[in-house]
Amino acid sequence: MKNIQKKSILLVADEIDSTLSLKKSLEQNNYQIIVVSSKKKAIETLKNNPEIDLVLIDIDLSEKLCSVKTAKSLLKIQEIPVIFLFSQTKKEIIEKTLEIASYGYVEKSSEISILAASIKNAIKLFNSKQKVKQEKSKFKNIADHANEGIFVIDEKGNHLYANFQASQITGYT
């Protein structure tokens with residue numbers, strides 16, 4: 001039997017009482033939940049717990065807490081998937097969230113299975129993006145140190161990359 005490690009979620013909400021049932025439901029779905037009620041606590045918690053896998057933020061936070069500013073601050077600390085929870089859809093708030101790379105929105109009244117699936121998919125997508133970044137970095141490192149000239153061009157013929165040797169061959173820098 002596999003030893004499945006619980007995924008850790010930082011839940012940012014200003015109304016802790018209304019969040020307790022959500023916390024309990026997520027814990028029953030094998031998630032470890034850390035609930036905080038301020039931007040300062042969210043930042044402190046993420047800094048002290050880099051193993052957190054995902055952030056759930058209540059989009060309906062008070063003006064003082066501001067979900068978008070909180071998410072931006074957290075993303076400066078750590079690249080991490082963010083899902084917004086909402087109870088009312090205000091166009092201007094949704095538009096503000098487009099300023100950051102979120103992994104979606106889930107209505108608070110949704111079935112826990114919908115939220116759990118969204119969390120699972122967000123973590124899976126995030127992990128896939130991280131793997132692609134690592135592979136690109138590996139390729140660039142190999143290409144940068146190759147003795148041969150290496151060019152990367154797209155299907156339209158645009159030059160995307162040339163290593164040092166390629167620059168020496170063509171004279172382009």
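The paragraphs below go through a predicted model, from its paired strands to a helix, the salt bridges and a pocket.

Strand E3, residues 54-58, is a convenient place to start. This strand is mostly covered, with 5 of its 5 residues buried. Its side chains are divided between two directions: Leu 54, Leu 56 and Asp 58 point one way, while Val 55 and Ile 57 point the other way. Both sets are buried.

E3 has parallel partners. Strand E1, residues 7-12, runs parallel to E3 and is joined to it by 4 bridges. Strand E4, residues 82-86, also pairs with E3 in the parallel sense, again over 4 bridges. Val 55 appears in both pairings. On the E1 side, Val 55 is the bridge partner of Leu 10. On the E4 side, Val 55 stands opposite Val 82.

Ser 8 gives a view of the surroundings of E1, the strand in which it lies. Is Ser 8 buried or exposed? The relative accessibility of Ser 8 is 4%, and because buried means under 20%, Ser 8 counts as buried. Once neighbours within four places in sequence are set aside, the contacts of Ser 8 are Gln 32, Ile 34, Glu 51, Ile 52, Asp 53 and Leu 54. Of these, Leu 54 is one of the E3 residues that point the same way as Leu 56 and Asp 58.

Strand E5, residues 105-107, contains Glu 107. With a relative accessibility of 37%, Glu 107 counts as partly exposed. Beyond its neighbours within four places in sequence, Glu 107 is in contact with Phe 86 and Ser 87. Phe 86 falls within the range of E4, residues 82-86. Glu 107 can also be placed relative to E3: its C-alpha atom is separated by 9.7 Å from that of Asp 58, a residue 49 positions away along the chain.

Next comes helix H5, residues 112-144. Its 33 residues, at 1.5 Å a residue, should span 48 Å, and the end C-alpha atoms are 48 Å apart, so the expected and computed spans agree. Which residues of H5 are buried? They are Leu 115, Ala 116, Ile 119, Ala 122, Ile 123, Phe 126 and Ala 143.

The charged side chains can be taken next. Side chains of opposite charge can pair when their charged atoms come close. In this model the count comes to 5 salt bridges, and three of the pairs are described here.

One of the salt bridges is between Glu 27 and Lys 23, with an N to O distance of 2.6 Å. Both residues lie in helix H1, residues 16-28, where they are 4 residues apart, about one turn of the helix. Glu 27 is partly exposed, at 34% relative accessible area. Lys 23 is partly exposed too, at 22%.

Helix H5 holds another such pair, in which the side chains of Glu 135 and Lys 138 meet at 3.2 Å, N to O. Here the two residues are 3 residues apart, about one turn of the helix. Glu 135 is partly exposed, with a relative accessible area of 46%, and Lys 138 counts as partly exposed at 49%.

A further pair joins separate parts of the chain. Lys 108 forms a salt bridge with Asp 58, and the closest N and O atoms are 2.7 Å apart. Lys 108 is in the loop between E5 and H5, whereas Asp 58 is in E3, so this pair ties together parts that are 50 residues apart in sequence. How do the two compare in accessibility, buried or partly exposed? Lys 108 counts as partly exposed, at 39% relative accessibility. Asp 58 is buried, with a relative accessible area of 8%.

Lys 108 also figures in the second largest pocket, which holds about 260 Å³ of space. The lining of this pocket is made up of 16 residues, and those closest to its centre are Ser 18, Thr 19, Leu 22, Leu 85 and Lys 108. H1, E5 and H5 are the elements that each give two or more residues to the lining. H1 supplies the largest share of it, 5 residues.

Methods: Residues numbered from 1 in each chain as written. Predicted model: local features only at pLDDT ≥ 70, side-chain atom pairs only at ≥ 80, totals over all residues. Heavy atoms only, no water. Buried < 20%, exposed > 50% of the residue type's maximum accessible area, 1.4 Å probe, protein only. Contact = heavy atoms within 4.5 Å. Expected span 1.5 Å × (residues − 1). Pairing = 2+ DSSP bridges. Salt bridge = Lys/Arg side-chain N within 4 Å of Asp/Glu carboxyl O. 1 Å grid on protein atoms, 1.4 Å probe; cavity = no way out; pocket = protein on both sides within 12 Å on 5 of 7 lines; lining within 4 Å. Points joined across faces, edges and corners; volume = space filled by probe spheres on them.
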